[in-house]
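These are my notebook entries on one protein chain, written up in the order in which I looked things up.

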Amino acid sequence: MALNRRRFVMAGGGAVLAQAAPSEQVVVAIIGSGGRGTALMAVFQKNPAVRVGAICDVYEPNLERALTAAAKVPGHQPRAYRDYKKLLEDKDIEAVVIATPDHWHHRMLLDALAAGKDVYVEKPLCQTPEQGVELVEAEKRSK
């Protein structure tokens, strides 16, 4: 079974990833490298079918700490970004993990979908019902 980023997201990174060859790695970026983002990164790095390709954070100590942690895993030398919009322009990144403060989730999710990325976002997705409707519409447009 060919692994693609849609299957990766749909399978939640489960059994499909266990069968993937290194050439079929899903390249993931972490947006928000505080405690939760770094913890999620560590989980992804345990799976040989996933490669952390980039880490983004505006808070320099968190970014440096996450880059250092990522580099301890062979084959994981992620690029550093301080602007998530620049990260979303990176064609090598297939999926993003959004683990930023809650008030950023809605905007970053919309931007990631518009950039054609698959997204895992921590809860809450949004702060108002209107934002929720906007997210559903954006997801439909992004297929």
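Before anything else I wrote down the term I needed for strands: two strands pair if DSSP finds at least two bridges between them. I also noted that the model is a predicted one.

**Entry 1: the sheet.** I began with strand E1 (residues 26-31) and strand E4 (residues 95-98), which run parallel and are joined by four bridges. I then picked out Ile-30 and looked up its bridge partner in E4, which turned out to be Val-97. Widening the view, I found that these strands belong to an open sheet of five strands, whose order is E3-E2-E1-E4-E5 and whose pairing is parallel. At the edges stand strand E3 (79-81) and strand E5 (118-121), and each has a single partner strand, so one side of each is left without a neighbour in the sheet. I also looked up the turn between neighbouring strands of this sheet, which is 25 degrees on average when direction is ignored.

**Entry 2: helices on the sheet.** Next I asked which strands helix H3 touches. Helix H3 (residues 35-45) packs on the sheet and touches E1, strand E2 (50-56), E4 and E5, and its direction makes about 160 degrees with that of E2. Helix H4 (residues 60-71) lies across E2 and E3, and it too runs at about 160 degrees to E2.

**Entry 3: H3 against H4.** I then compared the two helices with each other and found that their axes come within 11 Å and cross at roughly 15 degrees. Because angles under 35 degrees count as roughly parallel, H3 and H4 are therefore roughly parallel to each other. Their crossing is right-handed. The contact is made by Thr-38, Met-41 and Gln-45 on the H3 side and by Ala-66, Ala-69 and Ala-70 on the H4 side. Sorting these by class, I have four nonpolar and two polar residues, with no charged ones.

**Entry 4: H6 against H7.** For the second helix pair, I looked up helix H6 (residues 102-114) and helix H7 (residues 129-142), whose axes come within 9 Å and cross at roughly 15 degrees. H6 and H7 are therefore roughly parallel to each other as well, and H6 passes H7 in a left-handed crossing. From H6 the contact takes His-106, Leu-109, Leu-110 and Leu-113, while from H7 it takes Gln-131, Glu-134, Leu-135, Ala-138, Glu-139 and Ser-142. These residues divide into five nonpolar, three polar and two charged.

**Entry 5: Gln-131.** One residue of that contact seemed worth a separate look, namely Gln-131, which is found in helix H7. What does Gln-131 contact, leaving aside its neighbours within four places in sequence? The answer I wrote down is His-106 and Cys-126. In addition, a polar atom of the side chain of Gln-131 lies 2.7 Å from the backbone nitrogen of Gln-127.

**Entry 6: the loop before H7.** Last, I looked at Pro-124, which lies in the loop between E5 and H7. Lys-123 and Pro-124 are joined by a cis peptide bond, for which I noted an omega of about -5 degrees.

Technical notes
Residues are numbered from 1 along each chain as its sequence is written. This is a predicted model: local features need pLDDT of at least 70, side-chain atom pairs count only at pLDDT 80 or more; totals for chains, interfaces and linings use all residues. Side-chain values use heavy atoms; hydrogens and water are left out. Axes are lines fitted to C-alpha atoms, for helices over the stretch in contact, and angles run from 0 to 180 degrees between N-to-C directions. Angles under 35 degrees count as roughly parallel, over 145 as roughly antiparallel, 65 to 115 as roughly perpendicular and the rest as oblique. A crossing is left-handed if the near helix is turned anticlockwise from the far one by less than a right angle, and right-handed if clockwise. Contact means heavy atoms within 4.5 Å. Ala, Val, Leu, Ile, Met, Phe, Trp, Tyr, Cys and Pro count as nonpolar, Asp, Glu, Lys and Arg as charged, and the others, Gly among them, as polar. A polar contact is a pair of N or O atoms within 3.5 Å; within protein, one must be able to donate a hydrogen and the other to accept it, and residues adjacent in sequence count only if both atoms are side-chain atoms.
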